Amino acid sequence: MRTDQFQAPDYYNLDDLLTDEHKLIRDSAREWIKKEVSPIIEDYYERAEFPKQVIPGLAAIGGFGPYIPEEYGGPGLDQISYGLIMQELERCDSGLRSTSSVQSSLVMYPIYAYGNEEQRKKYLPKLATGEFIGSFGLTEPDHGSNPGGMLTNFKDMGDHYLLNGAKMWISNSPFCDIAVVWAKNEEGRIHGLIVERGMEGFSTPETHGKLSLRASATGELIFDNVKVPKENLLPNKSGLGAPLGCLDSARYGIAWGAIGAAMDCYDSALRYSKERIQFGKPIASFQLMQKKLAEMITEITKAQLLTFRLGQLKNAGTATTAQISMAKRNNVEMALNVAREARQIHGAMGITNEYSIMRHMANLESVVTYEGTHDIHLLITGMDITGIPAFK
Ligand code: TGC
Ligand code: FAD
């Protein structure tokens, strides 16, 4: 079993900008991960299984709905705390952060923001403790980047809705207790519905053969004439803007998370380069190694600053979709580049599971695609600065 020796890089003393509460939350998450998750993550990754035993711990560190108010069972933290938790989780594994992101931003957030009081009281406390695990069904087999074209639909049958269709690539689906599902009504308007495990005609087959994000369970959501009670429709927002609003929150968390993955790769590479001797010297003494390491810490530091500022804007309620897109896109690409450089610094050892590098690199190939692909985020920036959408 590998010891987790992680030491967080903080080149521009960003800790000085954090409150004592931020540091406490981040350090609790970091310590919990070192003790409880780092020792088992490689094993679960290899088995392609989510370690369900971490669910109570994830809840305890505030990993489920960090910014959901206390009256609904959440810890009621600010957006920077949320980001720091995501950073620490993804420092360990993107799949761990994924489970937390989906539960927090894609299940709890829409129930909190678009649900009624009964729905909030019924679901949020159980989601906050991890008694319930949720999934978010937007993507379909033929509608990924273009969710507005979705085919999943529901009909008003008088005393219930009848839901038909299929969602694909859904994180947490194989073991979720509830799913927030986006579907069109008879007029073609998109609404969110809460579908519960056990409803007749609802199944969640697992997707196998993933070579990325293996410690996160992914699957389908299939609806074959599912009778959904009318009280399970989220009443307070409809249209494509409703699911896209949830994505803003999840993409923000990913922007922080990707920094965590990059920090882990950099930290490992720095340590390895000082210990590994070639030609009679530590490889860290060669200029080419120093160039790689110096560029890695520069890019991580720039991403930290961008994301901290985004956190301030989120706290003020003024962060725009396009600002969030820029941070998600920049930070995931930065993390992938750092992972690739770190892999080279580790030489052959870098391809083994002795180090977390290849796992991060493979995970980040999902992260660069989900929650809006790298190119979709570029187009969101392009639309924002020109005023012209280039999606279609
Ligand atoms: P468009 O015409 O631009 O917009 C439709 C309506 O939505 C509004 N809107 C937003 N509202 C709130 N928040 C946002 N971020 C919004 N973006 C757009 C917009 O104003 C409009 O409103 P209205 O009132 O005028 O109707 O839509 P479009 O069809 O042209 O698509 C735009 C595009 C391509 C940017 C969008 O569809 C998109 O973002 N596509 C990417 C899809 C995506 O990110 N899917 C993610 C699925 S979930 C996931 O991956 C989870 S992984 C989780 C994990 O494991 O961590
Ligand atoms: P496509 O949309 O088919 O894109 C293929 C390529 O075409 C991409 O390079 C894309 O950038 C490019 N492209 C598409 N449109 C344009 C355009 N207009 N201009 C230029 N280029 C374009 N979804 C959920 O709803 N819930 C989940 O929990 C969830 N979890 C996921 C977990 C994993 C591990 C993965 C891999 C995906 C998950 N997704 C989830 C789905 C994810 O959001 C989609 O994969 C993503 O939105 C891209 O859709 P797609 O894979 O169909 O690719």
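# Strand pairing and helix packing in a predicted model

Strand β3 (residues 160–171) and β7 run antiparallel and are joined by 9 bridges. This is a predicted model, in which local features need pLDDT of at least 70 and side-chain atom pairs count only at pLDDT 80 or more, while totals for chains, interfaces and linings use all residues. Residues are numbered from 1 along each chain as its sequence is written, and side-chain values use heavy atoms, with hydrogens and water left out.

## Strands

Helices (H or I, at least four residues) and strands (E, at least two) are DSSP runs numbered from the N terminus. Two strands pair if DSSP finds at least two bridges between them. In the pairing of β3 with β7, isoleucine 170 stands opposite glycine 219 of β7. Strand β7 is also joined to β6, in the antiparallel sense, by 2 bridges; here phenylalanine 202 has phenylalanine 223 in β7 as its bridge partner.

Strand β4 (residues 178–184) pairs with β5 over 7 bridges, again antiparallel. Alanine 179 faces valine 195 of β5 across this pairing. The two strands, β4 and β5, form a hairpin with 5 residues between them, and glycine 188 in the turn has a positive phi of about 85 degrees. Of the 7 residues of β5 (residues 190–196), 6 are buried, where buried means under 20% relative accessible area, exposed over 50%, and partly exposed in between (1.4 Å probe, protein chains only).

## Residues with positive phi

Most residues other than glycine have a negative phi. Two loop residues other than glycine with positive values are listed below.

| Residue | Phi | Loop | Relative accessibility |
|---|---|---|---|
| Leucine 213 | near 50 degrees | between β6 (202–203) and β7 (218–229) | 3%, buried |
| Glutamate 371 | near 60 degrees | between α9 (357–367) and α10 (374–386) | 13%, buried |

## Helix packing

Two packed helices are described by the angle between their axes and the distance between the axes. Axes are lines fitted to C-alpha atoms, for helices over the stretch in contact, and angles run from 0 to 180 degrees between N-to-C directions. Angles under 35 degrees count as roughly parallel, over 145 as roughly antiparallel, 65 to 115 as roughly perpendicular and the rest as oblique.

Helix α4 (residues 94–114) packs against helix α5 (residues 117–129) at an angle of about 160 degrees, and their axes are 9 Å apart. The two helices, α4 and α5, are therefore roughly antiparallel to each other. Contact means heavy atoms within 4.5 Å. From α4, the residues Gln103, Val107, Met108, Ile111 and Tyr112 meet Gln119, Arg120, Tyr123, Leu124, Leu127 and Ala128 of α5. This contact of α4 with α5 comprises 8 nonpolar, 2 polar and 1 charged residues; Ala, Val, Leu, Ile, Met, Phe, Trp, Tyr, Cys and Pro count as nonpolar, Asp, Glu, Lys and Arg as charged, and the others, Gly among them, as polar.

Helix α3 (residues 79–92) and helix α6 (residues 241–275) have axes that come within 7 Å and cross at roughly 45 degrees. Helices α3 and α6 are therefore oblique to each other. The contact of α3 with α6 divides into 12 nonpolar, 7 polar and 3 charged residues.

Helix α6 also contains arginine 271. Arginine 271 touches Gln5, Phe6 and Gln7, not counting residues up to four places away in sequence. Arginine 271 and phenylalanine 6 are 265 residues apart along the chain, and their C-alpha atoms are separated by 9.5 Å.

Conventions: Chains are lettered from A and ligands numbered from 1 in the order in which they are written.
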